[in-house]
Amino acid sequence: MAMAGLYRRMLPSPPAIDFASSEGKQLFLEAIQGGTMEGFYRLISYFQTQSEPAYCGLASLSMVLNALAIDPGRKWKGPWRWFDESMLDCCEPLEKVKEKGISFGKLVCLAHCAGAKVEAFRTNQSTIDDFRKYIIRCSASEDCHVISSYHRGAFKQTGTGHFSPIGGYHAGRDMALILDVARFKYPPHWVPLTLLWEAMDRVDDATGQRRGFVLVSRPHREPGLLYTLSCKHENWVGIAKYLVDEVPKIVKSKDFKDFGEVLTVLFTSLPSNFGEFVKWVAEVRRREDGDHSLSQEEKGRLALKEEVLRQVQETLLFKHVVTFLSSVNSCCRSMSVLVHKNELPDIAEKVCCQGARILAGKFDSSERFYCRETCVKCLKANSDKPVTLVSGTVVNGSIEQEVDILVPSSQIGGCGCGCGPSNCIGIYPAGNDILTVLILALPKETWSGIRDEKLSRQILGLVTTENLPTLLQEEVLHLRRQLHILRRCQENKVDEDLAAPSI
């Protein structure tokens, strides 16, 4: 027998006041005059309804990230970079979230992974007075937003745990505006802040922890310009564990005499699937009517990537890694992930197929994409410096796509034009720069077990981030934060430790 289903719920009032009611409108106008609705306009511009009954946390976070204009650095659909619930899966599989929702700690983890600046508090780690100060601060600004984790029962609403952003504050009535992302159920509504605190001060049965609130703000620049860590690969947990837990043990267990010995032991011990863990962030776009011209935005982003790459190559650590890799025996199996053996056409084919899959919105699909032809070109328009472009014709069933990948290129070895593997020597990613950045990103305590004092000083001089150029320093620290977060996920401690990773 077919079920009629449910159409909305009547908002219990009191204690809540419907935002669209006469009283709700009056509160809104008075709060505007009080200066505590500044954050509302950005939030309402990106207000969304959760796409699944248990996606309240994902919807709240994607709404806030978009309101803060944080660039995810990867495509959502078509050519568009945009945060969507479907992209927030680095701390919990979407199927699991769809079934059970997401915990407070894992929402905090997701916000960190997305590159936001995050401060999180459970009610037993804060006070109602501090909460009020944070609400006022963010409501009076466009630069930060508050997501509340609360129990609906305190407001006489149906349901249990829920997440939603706070859209504003009325000082005279001490009320907060909840922009409820379950818009199919309840409209936005004002609630007494003291009651909201009570609703947050309830234990989540799934974790045994109290609920709380998250302050999400925009970093001064988007992290992960050129490199990022992937937790989609099935063995990422083991690789993260190796880097954070096993490497310090290896360093402490051996009596190293020079840095070459350290690199040999570390790299020969790497898991065989290590190459899938450190990802290179590429610019992917559809080619329109054979037009290869670049927009100013594309030129700007590519210039930043090339600058990061240049800064990596100018480090003394990079020179050590290059020297080491050049001495590696090519028949050594464990080195195969470090020294690229693929010819450029093979790399170009793989990258173009991945790009076409993203543009088609089928990143996780089992559908087959293959590249009929690829070409590597160096474009130079007017007085602009040359830009490396990997172009391909990708076929998916009866559909063909012309895809361009904008590649940050190294000037080491120069760059020519054509479709042969020898024409663009500096195409990246490459093992030497990826490994250099990864060594820099290892936790500071990794090297504390080095026994030889002279070698210890040398290594600390090579890996210290304090003297790195700003772009590279931020890239490295972002990877280091990601490693810490992945370790918390692996240890299932994200609900115990809400603090930002110590780097």
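A disulfide here is a pair of cysteine sulfur atoms within 2.5 Å. Before the exercises, some ground rules. We're working on a predicted model, where local features need pLDDT of at least 70, side-chain atom pairs count only at pLDDT 80 or more, and totals for chains, interfaces and linings use all residues. Residues are numbered from 1 along each chain as its sequence is written, and side-chain values use heavy atoms, with hydrogens and water left out.

**Exercise 1. Find the disulfide and work out its handedness and burial.**

Step 1: count. The structure has 1 disulfide.

Step 2: pick the pair. C138 and C144 are bonded, with 2.2 Å between their sulfur atoms.

Step 3: check the torsion. About the S-S bond of C138 and C144 it comes out at about -120 degrees, so this disulfide is left-handed.

Step 4: check burial, meaning under 20% relative accessible area (exposed is over 50%, partly exposed in between; 1.4 Å probe, protein chains only). C138 sits at 4% relative accessibility and is buried; C144, at 8%, is buried too.

**Exercise 2. Trace the strands around β7 and say where its side chains go.**

Step 1: set the terms. Helices (H or I, at least four residues) and strands (E, at least two) are DSSP runs, numbered from the N terminus. Two strands pair if DSSP finds at least two bridges between them.

Step 2: go to one partner. Strand β6 (residues 161-170) runs antiparallel to β7, with 4 bridges joining them. M175 in β7 is the bridge partner of H170.

Step 3: look at the turn. The β6-β7 hairpin has 4 residues between its strands, and D174 in the turn shows a positive phi of about 50 degrees.

Step 4: go to the other partner. Strand β8 (residues 189-192) pairs with β7 in the antiparallel sense, again over 4 bridges. Opposite L177 you'll find W190 of β8.

Step 5: split the side chains. From β7 (residues 175-178), M175 and L177 point one way while A176 and I178 point the other, and all are buried.

**Exercise 3. Describe the largest nonpolar core.**

Step 1: define it. A nonpolar core is a set of buried Ala, Val, Leu, Ile, Met, Phe, Trp, Tyr and Cys residues joined through side-chain atoms within 4.5 Å.

Step 2: size it up. The largest one has 48 residues, and those with the most contacts inside it include L61, L110 and W190.

Step 3: find the contributors. Elements supplying at least two residues each include α1 (22-33), α5 (104-113) and β7. The largest share, 8 residues, is from α3.
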